[in-house]
Amino acid sequence: MSEPSCRRVWGQRPGQPNAEIKNITNREGNQIIMYEDRTLVCRDCGKEFIFSAGEQEFYAKNDFKNDPVRCPECRRARKNAARGQAPREMFDAVCASCGKPTKVPFQPRNDKPIYCSECFAQRRGR
Ligand SMILES: [Zn+2]
Ligand SMILES: [Zn+2]
């Protein structure tokens, strides 16, 4: 038996790692992806922040395709803002008093008159 046990596959060049992620195979033959900390620039405040190896792994596991664009601080700020002021759905209505078009944060009902903010304030003040 003089045949070599391993055949070379043409067209595949070994020893060329991917740009940023190194693929390493451990003894069991499972592929391990090694991540390195990366420095990204926050889109909101322009500060540099670290996209850590751990975070990159988390992103990959959760199938997030895009890198984070904001630093953790800005991300937190945005989260808080979103929680504080959820976008309200506004409905078109016509003021029952002056006839001007207005918007109300609830579904207008026929049995209840809708007032624009001015008329509402007037009626309230009385
Ligand atoms: Zn930021
Ligand atoms: Zn009105």
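This tour moves through a predicted model, element by element, with a selection to make at each stop.

**The whole chain**

Begin by displaying the complete protein chain and colouring it by secondary structure. It contains 3 helices and 6 strands, and from the N terminus these elements follow the order β-β-β-β-α-α-β-β-α. Of its 126 residues, 5% count as buried. Among contacts between residues at least 6 apart in sequence, 16% join residues at least 24 apart.

Next, colour the chain by confidence. The average pLDDT is 80, and 78% of the residues score at least 70.

**Two segments under 50**

Select residues 9–13. Here pLDDT stays under 50, and the model has 0 contacts beyond four places in sequence for this segment. Then select residues 15–19, where pLDDT also stays under 50; for these residues the model has 2 contacts beyond four places in sequence. Where pLDDT is low, the predicted coordinates should not be read in detail.

**The β3–β4 hairpin**

Select residues 38–41 and 48–51, which are strands β3 and β4. The two strands run antiparallel and are joined by 4 bridges. To find one pairing, pick Arg38, whose bridge partner in β4 is Phe51. The hairpin has 6 residues between its strands, and Gly46 takes a positive phi near 80 degrees.

**From α1 to α2**

Move on to Asp63, in the loop between α1 (53–61) and α2. What is the phi of Asp63? The value is near 65 degrees, which is positive although the residue is not glycine. Most residues other than glycine have a negative phi. Is Asp63 buried or exposed? Asp63 is exposed, because 6 other C-beta atoms lie within 10 Å and the limit for an exposed residue is 12 or fewer.

Now select residues 72–84, helix α2. Its 13 residues reach 18 Å from the first C-alpha to the last, close to the 18 Å expected at 1.5 Å a residue. Helix α2 is hardly covered, with a count of 0 buried residues.

**The β5–β6 hairpin**

Select residues 91–94 and 101–104 to show strands β5 and β6, an antiparallel pair with 4 bridges. Within this pair, Asp92 stands opposite Lys103 in β6. The strands form a hairpin with 6 residues between them, and in the turn Gly99 has a positive phi of about 80 degrees.

Keep the hairpin on screen and pick Cys95, in the loop between β5 and β6. Which residues does Cys95 touch, leaving aside those up to four places away in sequence? They are Lys100, Thr102, Ile114, Tyr115, Cys116 and Cys119. Cys95 counts as partly exposed because it has 18 C-beta neighbours inside 10 Å, between the limits of 12 or fewer for exposed and 20 or more for buried. A distance label from Cys95 to Phe120 should read 9.1 Å between the C-alpha atoms, for residues 25 apart along the chain.

**Pro105, after β6**

Finish at Pro105, in the loop between β6 and α3 (117–125). Not counting residues up to four places away in sequence, Pro105 touches Arg88 and Met90. Its C-alpha atom is separated by 6.0 Å from that of Glu89, 16 residues away along the chain. Pro105 is exposed, with 8 other C-beta atoms within 10 Å.

Conventions:
Residues are numbered from 1 along each chain as its sequence is written. Chains are lettered from A and ligands numbered from 1 in the order in which they are written. This is a predicted model: local features need pLDDT of at least 70, side-chain atom pairs count only at pLDDT 80 or more; totals for chains, interfaces and linings use all residues. The expected span of a helix is 1.5 Å times one less than its number of residues. Two strands pair if DSSP finds at least two bridges between them. Two residues are in contact if their C-beta atoms, placed from the backbone, lie within 7 Å. pLDDT is the predictor's confidence in each residue, from 0 to 100.
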